[in-house]
Amino acid sequence: MGVPDDDDSDTVIIQKGKRGEEPNVITVNCPDKTGLGCDICRTILDFGLHIIKGDVSTDGLWCYVVLWVVPQSSSSKVRWKNLKERLVSVCPSCSVSFYLNQPSPHAISSSVYLLTFCSSDRRGLLHDVNEVLSELELTIQRVKVTKTPDGHAVDLFFITDNLELLHTKARQDETYEQLRAVLGESCGFELQLAGPKYDNLQYISSLPPSVAEELFRCKIEDNEFHAQALSSEMTKLKKASVTIDNSLSPGHTLLQISCIDHKGFLYDIMRTLKDFSIQISFGRFSPVNKGQRELDLFIRQKDGRKIVDPEKQDAICSRLKVEMLHPLRVIITNRGPDTELLVANPIELSGNGRPRVFYDVTLALKNLGICIFSAEIGRHCTTDRDWEVYRFLLDDNCNTDMSTMVGRNRIVDKVRRTLMGW
């Protein structure tokens, strides 16, 4: 195999569908690395796209990925040029140093900015702001939102810029302009670099032990309707299957997965394999068939060997089943006299959280007509992994009766369905 040049024009190719209903085809052709599939799927999910079909192949040095994608919402505005640039950024360099196994420079972490504003509170405000920031490709790292007694909302957003331009006046003016279109001309803004004094906001305030146990446990019992509002889709998820077969290939392990489709399905699988340092040599992601997803992957360990250890096989299969059954945790509980909604998702070993969770939760609450009294994003450590946790204190003054189990289940079910894309 020859050594390509440094031109990134052919690393990622995006072919948009000729008609609106046709899928768009994303082709990635670059050097391989463990976890590349996860990074690609995460980026695509972050842009509000749903992968409906895919193929991946690699010889261990070079990989070729083809994914068919559609917007998750008909109203979604996808910045295709920016998507291509983001995808190129997660691909390993095509330079000669890659082939000579020279260490590559470490990626520079994005600067974290603090966006502060105060505005009149209303239903859906938090989601509308979130939507603006998402369209601008400003990623929310943490947020602290409170409601004042006079009916105003004080919002602290800790954000990073995927375009790395937030230090420029033009980028700041663009952000202010689009936020004012949502919040009104009278709303004031302040944007500054977040200093070390804000580091302690990375981890959320401590969760009560009973709440943490309910939120982070691995299994959901069949009768736990009060906590997770198990819908018919959740019942079907329990039929998900994961099998490992070492008899069909002399050099690879075949991993076969079947379960009901959900938003981020391929990302959930890829991030799990990335955390286990599993390399994918060939894979096929079939279109939905009667609501089910079928995925065949020929995989091997980082050292190039098949996965023959029964304990490791069981660990991989068990974790994959948990991630398909339970990729996001959603519960509703009491926090003193208030009603609190909690959503949690596991963080990759690389430190990345799941994209668009805050966006989807605030959208679900907006559609339910529920105001958010306060919101908090942070991280929580359990014995085996880190989690990203979203805490929302809900305003009781809404159309949903949160004092009853039926009302609470309705909220949990709506939030979960929005997160899962059902």
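Author: Let's start with the vocabulary: helices are DSSP runs of H or I with at least four residues, strands are runs of E with at least two, and both are numbered from the N terminus. This is a predicted model, where local features need pLDDT of at least 70 and side-chain atom pairs count only at pLDDT 80 or more, while totals for chains, interfaces and linings use all residues. Residues are numbered from 1 along each chain as its sequence is written, and side-chain values use heavy atoms, with hydrogens and water left out.

Reader: How many helices and strands does the protein have?

Author: There are 12 helices and 16 strands.

Reader: How do I check the span of a helix, say H11?

Author: The expected span is 1.5 Å times one less than the number of residues. H11 runs over residues 357–368, so its 12 residues should span 16 Å, and the end C-alpha atoms are 17 Å apart, which agrees. Just past H11 comes Gly369, with a positive phi near 75°.

Reader: And how many residues of H11 are buried?

Author: Buried means under 20% relative accessible area, exposed is over 50%, and partly exposed is in between (1.4 Å probe, protein chains only). In H11, 9 of the 12 residues are buried, including Phe358, Tyr359 and Leu365. Tyr359 also has company: the charged end of Arg356 sits over its ring, 4.3 Å from the centre. That label needs NZ of Lys or CZ of Arg within 6 Å of the ring centre and within 35 degrees of the ring normal.

Reader: What do the buried residues of H1 pack against?

Author: Contact means heavy atoms within 4.5 Å. H1 (residues 36–46) has 10 of its 11 residues buried, and these pack against strands E2, E3 and E4 plus helices H2 and H9. After H1, Gly48 takes a positive phi of about 75°.

Reader: How is a pair of aromatic rings described?

Author: By the distance of the centres and the angle of the planes. Rings of Phe, Tyr and Trp (its six-membered ring) pair if their centres lie within 6.5 Å; planes under 30 degrees apart are stacked, over 60 edge-to-face, and the rest tilted. The structure holds 8 such pairs. Phe117 and Phe189 form a tilted one, 5.8 Å centre to centre with 55° between the planes. This pair links strand E5 to strand E8, 72 residues apart.

Reader: Which residues form the aromatic cluster with Phe117 and Phe189?

Author: Phe157 and Tyr176 join them. The rings of Tyr176 and Phe189 have centres 5.7 Å apart and planes at 25°, so that pair is stacked. Both Tyr176 and Phe189 are buried.
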